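Q: Could you take a close look at the charged side chains in this one? I'd like to hear about the salt bridges, and about any charged residue that goes without one.

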Amino acid sequence: MTRIALVTGGTRGIGHAISIALKDMGVTVAANYGGNDEAAKAFTEETGIPAFKFDVGDFEACKAGIEQVEAEVGSIDILVNNAGITRDKPLHKMDSDQWQAVIDTNLTSAFNMTRNIIDGMRERGFGRIINISSINGQKGQFGQSNYSAAKAGLIGFTKAVALETASKGITCNAIAPGYVATEMVKAVPEDVLNSKILPYIPAGRLGEPEEIGRCVAFLASDEAGYITGSTLTANGGQYMV
Ligand code: CAA
């Protein structure tokens, strides 16, 4: 049976690699994106994966977007809540817009998406929900009180949803990537990256987006049905829980 996946933020960065990894395992993939039309167009041209534009921080937009995906592609079996942004500032300099934008896009999005998909998964007796958390939700990070709170929240969300869905053939897991070579990490000031981050990665390098894509493919597979409520870390040894 061909499974259908929806990957939020699935046209760029880690999401781009996740979309391709799922496609490579024979899944029919739809990618969501928030704003960058040019990148989405290039992604669809490159991969043949359709891209759907809607704001994951907006419940009604998610409802409409998911309806469109299900009408054009089919019922969603695999949901990857990957979309995320940063608005890094030490707390004493952070304003409420920077807090709220990150909470909406990185955490409330998981509710908005999962709530609009869960009924179908429950009815069909199958589902894979994979939430992309972060090392910084596990250990905290200077300048990321908003992002760390959202990414830690995703781990709690994962465990609660896993408990509620385990008897329905649905698994819900989180992945906590470390620092992966994407535009988001490249936006970290070079001196901070070189002096405060890279020296603390025992593997001695940033992760590759494809390395996270493979984690998702594993958890999305039919064979991973006994794994639920877990957090898979992929951080080059930077933080062990
Ligand atoms: N630990 C300790 N001290 C740190 C620090 C850290 N990680 N990062 C910065 N500092 C220190 C600086 O050395 C500096 O110290 P001095 O004043 O003694 O020189 C001081 O904090 C700077 O403080 P400011 O109040 O001036 O901070 P700022 O307004 O310049 O903002 C920042 C700094 C925006 C937080 C900047 O340091 C930054 O962008 N840091 C990177 C944050 C980060 O790692 N983000 C992750 C992005 S990638 C991602 O999120 C993906 C993922 O999941 C991993």
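A: Let's start with a pair that sits far apart in sequence: in this predicted model, Glu 183 and Arg 12 join their side chains in a salt bridge, at 3.1 Å from N to O. Glu 183 belongs to helix 8 (residues 183-186), while Arg 12 is in the loop between strand 1 and helix 1 (13-24), so the bridge ties together parts that are 171 residues apart in sequence. As for the surroundings, Glu 183 is exposed, with a relative accessible area of 59%, and Arg 12 is partly exposed at 38%.

That bridge isn't alone, as a search of the whole structure turns up seven salt bridges. Another one pairs Arg 3 with Asp 222, where the closest N and O atoms are 3.2 Å apart. Here too distant parts of the chain get linked: Arg 3 comes from the segment before strand 1 (4-7), and Asp 222 from the loop between helix 10 (209-220) and strand 7 (231-234), 219 residues apart. Arg 3 is buried, with a relative accessible area of 14%, whereas Asp 222 is partly exposed at 44%.

For something local, go to helix 3. Lys 63 and Glu 67 both lie in that helix, four residues apart, or about one turn. Their closest N and O atoms are 3.6 Å apart, and they form a salt bridge. Lys 63 is partly exposed, with a relative accessible area of 35%.

Now for the charged residue that goes without. Asp 77 sits in the loop between helix 3 (59-72) and strand 4 (78-81). Asp 77 is buried but has no salt bridge, and the nearest side chain of opposite charge, Arg 124, is 4.1 Å away. Why doesn't that pair count as a salt bridge? Because the cut-off requires a side-chain nitrogen of Lys or Arg within 4 Å of a carboxyl oxygen of Asp or Glu, and Arg 124 is at 4.1 Å from Asp 77.

What the side chain of Asp 77 does reach is the backbone nitrogen of Ile 4, at 2.8 Å. Leaving out residues up to four places away in sequence, Asp 77 touches Thr 2, Arg 3, Ile 4, Met 121, Arg 124, Phe 126, Gly 127 and Arg 128. You've met one of those already: Arg 3, which Asp 77 touches, is the residue that forms a salt bridge with Asp 222.

Definitions and conventions:
Residues numbered from 1 in each chain as written. Predicted model: local features only at pLDDT ≥ 70, side-chain atom pairs only at ≥ 80, totals over all residues. Heavy atoms only, no water. Helix = DSSP H or I, 4+ residues; strand = E, 2+ residues; numbered from the N terminus. Buried < 20%, exposed > 50% of the residue type's maximum accessible area, 1.4 Å probe, protein only. Lys, Arg positive; Asp, Glu negative; His and termini not counted. Polar contact = N/O pair within 3.5 Å; in protein donor to acceptor, adjacent residues only side chain to side chain. Contact = heavy atoms within 4.5 Å.
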